[in-house]
Amino acid sequence: MSDESVDITGPAGESMDAPTESVSSVSIESSEDVTDETSKPEAVSEDVRSGVEEITPSQSSAGSFCCSFVADMNPQARDLIYWRNPIRSGVVLGATVVALLMMCCHGFINTVSYFGLIILALSFAVTAVGYVTKRFLGKDIPNPLRQVLDQPFEVSDDTVEAFAQCTASHCQRVCTELRRLYCIVDIPDSFKFGIALWLVYWITSRVGFFELAIIAEVFLFSVPKLYDLYQVQIDQAAAVGKQQALVYIEKARTVPYVDQVMKMMAPKEKQT
């Protein structure tokens, strides 16, 4: 269909040509709009996105929580976790795992007493070697224990005061939060707290404290290093998992009453 022009006479008597839109072009544009809308994937609602963001606090990477936790640690402890010195990290990991295994089998007090006896026996052995070498061989070897004795060891009043203030602030914050949860100030938060307590009870009834400590020790010495080595792959997998979670949550919201429950469990915005 060819474009046609229509003569329009203005108030001054001048004629103007106004092109009319082609019907075919309008139909093509409308069909393109329809195909664009149908080709787009199903959008996920903002409520679901906010819910997933609350479930997964890291938005930039999967290991932001791990990185922030490690960043707040002492530099020497951070070097141990990241295996900057493999021999030292291996010794620390092996010694702590052995100590925790012994605590599982013999108890805390027996393990502490046993390690104390081992250290005391080693000190006697070093002292005896130095005494025998000096008495019978006439050689004066340096005493390794003297280095420990010469190191300054004192706890200043400022350190104790700072530690006490930090402990008091943390205890006050914890007690205030527990009072709020137990007094049911916010029903969703108290309900979540009850679920967390039940999970802790369920896990600790099947796994002991020292077994959990061993798992946490292995986790601490392995996960940060693995994330440091394979950060790109882990972030990509976490992004794919987050998108899948968005899709499944969107499907779950079609179930009756699920939407109301998710809105009720969502955290409330604090008024400033």
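Exposed means a relative accessible area over 50%, and buried means under 20%. Anything in between counts as partly exposed. The views below show a predicted model.

**View 1. The whole chain is built from 12 helices and 2 strands.** Along the sequence, the elements follow the pattern β-β-α-α-α-α-α-α-α-α-α-α-α-α. The chain has 272 residues, and 13% of them are buried. Take the contacts with a separation of 6 or more. Of these, 47% join residues 24 or more positions apart.

**View 2. Y182 and F193 form an edge-to-face pair.** The count of aromatic pairs in the model is 3. A pair of aromatic rings is described by the distance of the centres and the angle of the planes. For Y182 and F193, the centres are 5.4 Å apart and the planes stand at 85°. Angles over 60 degrees count as edge-to-face, so this pair gets that label. Y182 belongs to helix 8 (residues 157-182), while F193 belongs to helix 9 (residues 187-204). The two residues are 11 apart in the chain. Is Y182 buried or exposed? Y182 is exposed, because its relative accessible area is 57%.

**View 3. W83 and F221 pair across distant parts of the chain.** Their ring centres lie 6.2 Å from each other, with 80° between the planes. This pair is also edge-to-face. W83 sits in the loop between helix 4 (75-81) and helix 5 (86-106). F221 sits in helix 10 (residues 209-229). The partners are 138 residues apart. How accessible is each partner? W83 has a relative accessible area of 26%, so W83 is partly exposed. F221 has 8%, so F221 counts as buried.

**View 4. Two loop residues, W83 and I184, have a positive phi.** Most residues other than glycine have a negative phi. W83 is not a glycine, yet its phi is about 60°. W83 lies in the loop between helix 4 and helix 5. I184 is not a glycine either, and its phi is about 55°. I184 lies in the loop between helix 8 and helix 9. I184 is partly exposed, because its relative accessible area is 48%.

**View 5. Helix 5 has the span expected from its length.** Helix 5 has 21 residues. At 1.5 Å a residue, helix 5 should span 30 Å. The C-alpha atoms at its ends are 30 Å apart, so the two values agree. Which residues of helix 5 are buried? They are S89, L93, V97, A99, L100, M102 and M103. These buried residues pack against helix 4, helix 6 (108-136) and helix 10. After helix 5 comes G107, with a positive phi near 95°.

**View 6. Helix 10 and helix 11 cross at roughly 95°.** Helix 11 covers residues 231-252. The axes of helix 10 and helix 11 come within 5 Å. Angles of 65 to 115 degrees count as roughly perpendicular, so helix 10 and helix 11 are roughly perpendicular to each other. Which residues of helix 10 and helix 11 meet? From helix 10 come L226, Y227, D228 and L229. From helix 11 come Q231, I234 and D235. Sorted by class, this contact has 4 nonpolar, 1 polar and 2 charged residues.

Key:
Residues are numbered from 1 along each chain as its sequence is written. This is a predicted model: local features need pLDDT of at least 70, side-chain atom pairs count only at pLDDT 80 or more; totals for chains, interfaces and linings use all residues. Side-chain values use heavy atoms; hydrogens and water are left out. Rings of Phe, Tyr and Trp (its six-membered ring) pair if their centres lie within 6.5 Å; planes under 30 degrees apart count as stacked, over 60 as edge-to-face and the rest as tilted. Helices (H or I, at least four residues) and strands (E, at least two) are DSSP runs, numbered from the N terminus. Buried means under 20% relative accessible area, exposed over 50%, partly exposed in between (1.4 Å probe, protein chains only). Axes are lines fitted to C-alpha atoms, for helices over the stretch in contact, and angles run from 0 to 180 degrees between N-to-C directions. Angles under 35 degrees count as roughly parallel, over 145 as roughly antiparallel, 65 to 115 as roughly perpendicular and the rest as oblique. Contact means heavy atoms within 4.5 Å. Ala, Val, Leu, Ile, Met, Phe, Trp, Tyr, Cys and Pro count as nonpolar, Asp, Glu, Lys and Arg as charged, and the others, Gly among them, as polar. The expected span of a helix is 1.5 Å times one less than its number of residues.
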